[in-house]
Amino acid sequence: MSPKYRKGQKVQVYSPGQQIIRVIAEVRPIGETWEYSLLKPDTGELCCVYFGSSGSKVDWQLERWLHPYSGN
């Protein structure tokens, strides 16, 4: 199965009540799914995804937590 998103594509990261837009930097397989490293769209810097309730962060995001971005 191919990855749902490709390098350079804008995506929305799942975050209740927020619209976090990122750009796909790299894609790698993990088991039967894919994970992605993300860039900040305004600076091009690699970024982490933070989880407020646990205070943890990840450098790679699983495909299931990303959604297509239909904005500009």
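A disulfide is a covalent bond between the sulfur atoms of two cysteines. In coordinates, it is recognised as a pair of cysteine sulfur atoms within 2.5 Å. With that in mind, good morning, colleagues. The structure before you is a predicted model, and I shall begin with its cysteines.

How many disulfides does a search of the whole structure find? The search returns 0. Cys47, for instance, takes part in no disulfide, and the nearest cysteine sulfur, that of Cys48, is 7.1 Å away. Why does Cys48 form no such bond? The closest cysteine sulfur to that of Cys48 belongs to Cys47, and because the two are 7.1 Å from each other, they are too far apart for a bond. As for its surroundings, Cys47 has a relative accessible area of 9% and is therefore buried.

Allow me to turn to the overall architecture. The protein contains 8 strands and 0 helices. Read from the N terminus, the order of elements is β-β-β-β-β-β-β-β. The radius of gyration is 12 Å, close to the 11 Å that the globule rule gives for 72 residues, so the protein is as compact as a globular protein of that length. The C-alpha trace spans about 30 × 30 × 20 Å along its principal axes.

Contacts within the chain add to this picture. Taking contacts between residues at least 6 apart in sequence, 40% join residues at least 24 apart.

Next, the surface. Of the 72 residues, 26% are buried. The accessible surface amounts to about 5,100 Å², and carbon and sulfur atoms account for 50% of that area. Among the side chains, 9 are positive and 7 are negative, with the centres of the two sets 4 Å apart.

I shall close with two individual residues. The first topic is Val58, located in strand S6, which covers residues 56-58. Val58 counts as partly exposed because its relative accessibility is 28%. Val58 also leads us back to Cys47: the two are 11 residues apart along the chain, and their C-alpha atoms are separated by 9.0 Å.

The other residue is Tyr50, found in strand S5, residues 49-51. Is Tyr50 buried or exposed? Its relative accessibility is 59%, so Tyr50 counts as exposed. From C-alpha to C-alpha, Tyr50 is 21 Å from Gln9, and their positions lie 41 residues apart in sequence numbering.

To summarise, this predicted model has 8 strands and 0 helices, and the search for disulfides gives 0. Thank you for your attention.

Conventions:
Residues numbered from 1 in each chain as written. Predicted model: local features only at pLDDT ≥ 70, side-chain atom pairs only at ≥ 80, totals over all residues. Heavy atoms only, no water. Buried < 20%, exposed > 50% of the residue type's maximum accessible area, 1.4 Å probe, protein only. Helix = DSSP H or I, 4+ residues; strand = E, 2+ residues; numbered from the N terminus. Rg over C-alpha atoms; globule rule 2.2 N^0.38 Å. Contact = heavy atoms within 4.5 Å. Areas by Shrake-Rupley, 256 points an atom, 1.4 Å probe, with all protein chains shown as cover. Lys, Arg positive; Asp, Glu negative; His and termini not counted. Charge placed at Lys NZ, Arg CZ, Asp CG, Glu CD.
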